[in-house]
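Please look through the sequence and the structure below before reading on. The paragraphs that follow go from one pair of side chains to the fold as a whole, and then to its helices and charged groups.

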Amino acid sequence: ITRASEQLLAMKLIEQEKVGKEIRMFRKYEPQQMFEKAKSYLINPVQKKMAVRVEEMDAEWLYAGESALGQYSMLNEPKVPEIAIYKGAMNRAVQEVDIRWEDAGEVCVIELWKYNPFLFSKDGKVDPVSLACSLAGCEDERVELAIEEMLEEVQW
């Protein structure tokens, strides 16, 4: 916590106040402004993507990627659902498949996340900030516009 608070202080995103033995932290900006100022420091939570058969899924999961973005915005969801799983929740090895050779209803794309996506999730999908970070490198204009639409609608 000390290292994290020092980083946030260095980025000028929080202020600290010492009261007795306590150190109280306060954000300097409203949530949306905080996101805009911190955006360049945020990381992509996705460690690895792979396609697997739906029948092999035994871990808890959330909608992610374009599947979640389609639920947050007017973007059409992909035929093959994209789901997020915490990398530590994979209890066994799964066999990766090639989407081109499978029926769309029998396969899904797993995103293995660096942190547990359930920490900030809502309504069965990953949170908007993490979703925006996971799709940040996408060069598809439709996706970029849908991300902007989603972030405008977020209840900060």
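With which residue does R53 form a salt bridge? In this predicted model, the partner of R53 is E102, and the closest N and O atoms of the two side chains are 3.0 Å apart. R53 belongs to strand β3, which covers residues 46-53, while E102 sits in the loop between β5 (82-86) and β6 (107-113), so the salt bridge ties together parts of the chain that are 49 residues apart in sequence. R53 is partly exposed, since its relative accessible area is 25%, and a residue has to fall under 20% to be called buried.

The wider setting of this pair can be read from the order of the elements. The protein has 5 helices and 6 strands, and from the N terminus on these follow one another as α-β-β-α-β-β-α-β-β-α-α. Along its principal axes, the C-alpha trace spans about 60 × 35 × 25 Å. Of the 156 residues in the protein, 36% are buried. When contacts between residues at least 6 apart in sequence are considered, 68% of them join residues that are at least 24 apart. An example of two positions distant along the chain is given by D123 and Y63, which are 60 residues apart in sequence and whose C-alpha atoms are separated by 9.4 Å. D123 is found in the loop between β6 and α4, and with a relative accessible area of 63% this residue is exposed.

The helices can now be taken in turn, beginning at the N terminus. Helix α1 consists of residues 2-10 and contains S5, a residue that counts as buried at 8% relative accessibility. If its neighbours within four places in sequence are left aside, S5 is in contact with I14, Q16 and M25.

Helix α2, made up of residues 31-38, has M34, F35 and A38 as its buried residues. Seen down the axis of α2, these buried residues fall within an arc of 100°, so they line one face of the helix. The cover over them includes the strands β1 (14-19) and β2 (22-27), together with the helices α4 (128-134) and α5 (141-153).

Is helix α3 largely enclosed by the rest of the structure, or largely open? Of the 8 residues of α3, which runs over residues 65-72, 6 are buried, and the helix is therefore largely enclosed by the rest of the structure. The buried residues of α3 are G65, E66, S67, A68, L69 and G70, and they pack against β4 (62-63), β5, β6, α4 and α5.

Helix α4, which was named among the elements covering the buried residues of α2 and also among those against which the buried residues of α3 pack, holds S130. At 5% relative accessibility, S130 counts as buried. Not counting residues up to four places away in sequence, S130 touches P45, W113 and Y115.

The charged side chains complete the picture. The protein has 20 positive and 29 negative side chains, and the centres of these two sets lie 9 Å apart. A search of the whole structure finds 8 salt bridges, one of which is the pair of R53 and E102 described at the start. Another joins E30 to R27, with the closest N and O atoms 3.9 Å apart, and here R27 is partly exposed, its relative accessible area being 49%. The side chains of E36 and K39 also meet in a salt bridge, at 3.2 Å from N to O; E36 is partly exposed with a relative accessible area of 44%, and K39 counts as partly exposed too, at 42% relative accessibility. Beyond these pairs, K49, E82 and E111 are linked in a network of salt bridges.

The outside of the protein can be described last. Its accessible surface comes to about 10400 Å², and 49% of this area belongs to carbon and sulfur atoms.

Terms used
Residues are numbered from 1 along each chain as its sequence is written. This is a predicted model: local features need pLDDT of at least 70, side-chain atom pairs count only at pLDDT 80 or more; totals for chains, interfaces and linings use all residues. Side-chain values use heavy atoms; hydrogens and water are left out. Buried means under 20% relative accessible area, exposed over 50%, partly exposed in between (1.4 Å probe, protein chains only). Helices (H or I, at least four residues) and strands (E, at least two) are DSSP runs, numbered from the N terminus. The arc is that of the directions from the helix axis to the C-beta atoms. Contact means heavy atoms within 4.5 Å. A salt bridge is a side-chain nitrogen of Lys or Arg within 4 Å of a carboxyl oxygen of Asp or Glu. Accessible areas come from the Shrake-Rupley method with a 1.4 Å probe; for residues, only the protein chains shown count as cover. Lys and Arg count as positive and Asp and Glu as negative; His and the chain ends are not counted. The place of a charge is taken as NZ of Lys, CZ of Arg, CG of Asp or CD of Glu.
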